[in-house]
2 protein chains.
Amino acid sequence: VEDGVHIYAPATVANVGPGFDILGFAMNHPGDEMLIEKTKAAQHIIIDSSGAGLPLGPEKNVATVALDAMLGQLGSKQKFQLTFLKKIAPGSGIGSSAASAAGAVYGANVLLGNPFTTTGLVPFAMMGEEAASGSAHADNVAPALLGGFVLIRSYEPLDIISIPGPEQIFCSVVCPEISIATEKSRKILKTTVPLEKAVTQCGNVAGLVTGLITGNFRLISDSMHDVIAEPIRSFLIPEYENVIQAALNAGALGCGISGSGPSIFALSKDEDTAMMAGEEMDRVFASADIGSSVFISPVNKQGIKLLPEGT
Amino acid sequence: VEDGVHIYAPATVANVGPGFDILGFAMNHPGDEMLIEKTKAAQHIIIDSSGAGLPLGPEKNVATVALDAMLGQLGSKQKFQLTFLKKIAPGSGIGSSAASAAGAVYGANVLLGNPFTTTGLVPFAMMGEEAASGSAHADNVAPALLGGFVLIRSYEPLDIISIPGPEQIFCSVVCPEISIATEKSRKILKTTVPLEKAVTQCGNVAGLVTGLITGNFRLISDSMHDVIAEPIRSFLIPEYENVIQAALNAGALGCGISGSGPSIFALSKDEDTAMMAGEEMDRVFASADIGSSVFISPVNKQGIKLLPEGT
């Protein structure tokens with residue numbers, strides 16, 4: 001067993017279209033790097049080498065909350081030093097807290113001789129999400145850990161299903177420089193849904209996974225509609241309709257709010273379309289004097305990975 | 001173009017588990033036979049050779065309502081004589097009206113030189129369903145026409161998706177001799193659904209189609225739960241919980257109300273289990289002094305078919 005590992009934890013898009021709370025995917029980039037090392041210190045040590053303003057107290061940091069859930073299950077008193085080089089901006093809606101929480105448990109699991117499978121780490125990483133947002137959702141941490149498209153079929157009991165995606169599919173994410181608290185974004189949702197909207201959402205999510213598995217891009221495109229969360233949450237994002245329309249005009253298959261926003265994602269069949277969609281979405285924000293960052297990436301198939309030593 | 005065709009229209013199970021209103025499948029048997037012939041009469045002629053008590057007036061019969069929707073679209077004044085040999089008991093919840101409506105338009109389409117694709121016949125057959133139950137649902141008529149598992153991804157616009165199922169999967173259906181009006185069964189449903197139940201239903205329906213496409217029987221089994229309609233509708237069926245439990249004890253993957261009931265179906269991995277599940281479900285009804293019919297069948301892959309001439 002080594003004493004330290006260097007890992008890469010990818011950004012993730014949750015609430016993919018009609019898959020509110022149950023479907024996410026990972027991107028190749030952006031992603032966080034983390035150095036995870038065993039320490040003889042009395043408590044975990046958090047080093048923020050990226051200046052992202054992470055909470056440094058172990059009881060408040062999503063990574064150490066997740067880590068302690070895992071160590072508690074093992075009955076282990078081992079402490080770790082976590083050095084973060086964060087590239088995923090906290091609060092942007094592309095799984096920043098998930099990358100930290102999932103990365104920490106993934107690295108520590110390796111250092112402890114893999115007592116858990118990768119899927120077995122999801123519940124611990126979810127504890128980090130709960131600390132971050134008040135909701136123990138898995139649709140960021142599961143794709144961060146496993147890569148690809150991941151369905152959270154059920155929360156009780158937890159059932160994590162990797163959805164075989166098309167050979168290639170590309171994502172454009174635009175992160176506008178505005179801030180939305182995940183917790184608030186959840187609270188504005190209505191607690192009931194009209195029956196016919198529930199049926200519509202079911203049809204779309206069944207269509208979306210069918211389209212992904214069978215490589216039916218027409219079906220993916222037609223199914224990419226969330227009639228439950230998006231009509232409410234989109235009000236929190238200025239220019240939402242125009243950004244979506246710009247991506248669709250550029251040829252994207254479909255769009256949605258990434259996680260609870262404010263980022264907006266689009267899926268495209270090829271990289272050129274994904275780049276065009278990203279540019280056009282960015283342009284809409286720019287024309288409204290809102291700064292934004294754009295990321296174009298294939299859907300990541302591997303999830304969190306160890307980086308070669310010395311990198 | 002011939003002047004008459006002899007067709008076989010299979011029974012179907014709608015509302016498959018979490019696929020309330022959107023997922024159905026066809027069975028090999030039971031099924032109705034119909035003889036569909038062109039006639040020079042001034043209106044359609046309905047002959048009920050099975051004594052099923054079908055409405056004989058063309059304006060009330062689901063088959064002729066569907067037929068007239070199709071003929072209206074074509075601007076055709078052709079009339080047909082429909083001879084029914086019904087084996088699917090009306091009101092049993094396994095697509096009796098769907099078989100009549102879908103069978104009529106299928107046969108007439110052949111006799112008219114196939115102006116429509118099979119999928120293109122679904123909207124006309126739905127008009128028959130609307131006449132029968134007040135709701136133009138497609139999750140019986142679409143699998144009756146196409147065979148296999150069929151997803152109604154969307155009703156507006158209508159989007160019918162064949163779900164590639166496992167190589168083999170078997171169905172047991174038990175039809176108790178009690179009667180439930182489809183219309184009533186729909187009216188007792190609540191018009192709103194708690195958000196978390198909508199999310200649970202979405203997870204299960206996505207899991208179910210994923211399980212069907214990838215041949216993951218564990219996932220099919222775990223996903224076969226309807227948290228929206230079944231908890232309410234099951235009160236209309238005596239012995240419901242006991243019947244379900246008997247099928248699961250016999251090894252069935254999962255169970256549910258077929259359509260709006262009163263029939264109950266179970267899916268099983270192999271024919272022996274399906275037979276055992278059927279027997280056990282039947283036994284529960286018998287022990288409560290309720291007569292019932294049992295059908296065991298592979299999931300039908302072909303849908304409505306022409307029978308050889310002279311049969």
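**Figure 1. Two copies, one turn: how chain B lies on chain A.**
In this predicted model, a turn of 180 degrees and a shift of 0.0 Å along the axis lay chain B on chain A, with an RMSD of 0.0 Å. That is the relation of a two-fold axis. Two copies of a chain are, in general, related by a rotation about an axis and a shift along it. Now look at where the chains meet: 100% of the interface residues of chain B are interface residues in chain A too, so the copies meet through the same surface.

**Figure 2. A close-up on Val209(B), which has contacts in chain A.**
Start with helix 6 of chain B, residues 195-214, where you will find Val209(B). Is Val209(B) buried or exposed? It counts as buried, with a relative accessibility of 0%. Which residues does Val209(B) contact, once its neighbours within four places in sequence are left aside? They are Ala206(A), Val209(A) and Thr210(A) from chain A, plus Ile163(B) from chain B. Leu151(B) is another residue to find in this view: it is 58 residues from Val209(B) along the chain, and the two C-alpha atoms are separated by 8.8 Å.

**Figure 3. Phe25 in the largest nonpolar core.**
The largest nonpolar core has 163 residues, and the ones that touch the most other members are Phe25(A) and Phe25(B). Zoom in on Phe25(A), and you can see what surrounds it. Not counting residues up to four places away in sequence, Phe25(A) touches a list of residues that includes Ala11(A), Val13(A), Pro143(A), Cys171(A), Leu267(A) and Val299(A). Phe149(A) and Phe265(A) are on that list as well, and these two form one aromatic cluster with Phe25(A). As for burial, Phe25(A) has a relative accessible area of 0%, so it is buried.

**Figure 4. Aromatic pairs that tie distant parts of a chain together.**
How many aromatic pairs does the structure hold over all chains? There are six. Take Phe25(A) and Phe149(A): their ring centres are 5.1 Å apart and their planes are at 50 degrees, so this pair is tilted. Phe25(A) belongs to strand 2 (residues 23-39) of chain A and Phe149(A) to strand 5 (residues 149-155), so the pair ties together parts that are 124 residues apart in sequence. Phe149(A) is buried, at 2% relative accessible area. Over in chain B, the rings of Phe25(B) and Phe265(B) have centres 5.9 Å apart and planes at 70 degrees, so that pair is edge-to-face. Here strand 2 (residues 23-39) of chain B supplies Phe25(B) and strand 10 (residues 264-268) supplies Phe265(B), so the parts tied together are 240 residues apart in sequence. Phe25(B) is buried, with a relative accessible area of 0%, and the value for Phe265(B), also buried, is 0%.

**Figure 5. A lysine over a tyrosine ring, in chain A and in chain B.**
In chain A, look for Lys305(A) over the face of Tyr8(A), at 5.6 Å from the ring centre. In chain B, the charged end of Lys305(B) sits over the ring of Tyr8(B), 5.6 Å from the centre of that ring.

**Figure 6. Strands 5 and 6 of chain A, joined by a hairpin.**
Strand 5 of chain A pairs with strand 6 (residues 158-163) in the antiparallel sense, over six bridges. Want a spot to aim for? Ile152(A) has Ile160(A), in strand 6, as its bridge partner. The hairpin that joins the two strands runs through two residues.

**Figure 7. Backbone oddities: cis bonds in chain B and positive phi at Glu239(A) and Glu239(B).**
Most residues other than glycine have a negative phi, and most peptide bonds are trans. Against that background, the peptide bond from His29(B) to Pro30(B) is cis, with omega near 5 degrees; Pro30(B) is in strand 2 of chain B. Another cis peptide bond joins Glu156(B) and Pro157(B), with omega about 0 degrees, and Pro157(B) is in the loop between strand 5 and strand 6 of chain B. Glu239(A), which is not glycine, has a positive phi near 70 degrees. Glu239(A) lies in the loop between helix 8 and helix 9 of chain A and is partly exposed, at 29% relative accessible area. Glu239(B) has a positive phi of about 70 degrees, lies in the loop between helix 8 and helix 9 of chain B, and is partly exposed at 29%.

Conventions. Residues are numbered from 1 along each chain as its sequence is written. Chains are lettered from A and ligands numbered from 1 in the order in which they are written. This is a predicted model: local features need pLDDT of at least 70, side-chain atom pairs count only at pLDDT 80 or more; totals for chains, interfaces and linings use all residues. Side-chain values use heavy atoms; hydrogens and water are left out. Rings of Phe, Tyr and Trp (its six-membered ring) pair if their centres lie within 6.5 Å; planes under 30 degrees apart count as stacked, over 60 as edge-to-face and the rest as tilted. Helices (H or I, at least four residues) and strands (E, at least two) are DSSP runs, numbered from the N terminus. Buried means under 20% relative accessible area, exposed over 50%, partly exposed in between (1.4 Å probe, protein chains only). A charge sits over a ring if NZ of Lys or CZ of Arg is within 6 Å of the ring centre and within 35 degrees of the ring normal. Contact means heavy atoms within 4.5 Å. Copies are superposed by least squares on the C-alpha atoms of residues with pLDDT of at least 70 in both. A nonpolar core is a set of buried Ala, Val, Leu, Ile, Met, Phe, Trp, Tyr and Cys residues joined through side-chain atoms within 4.5 Å. Two strands pair if DSSP finds at least two bridges between them.
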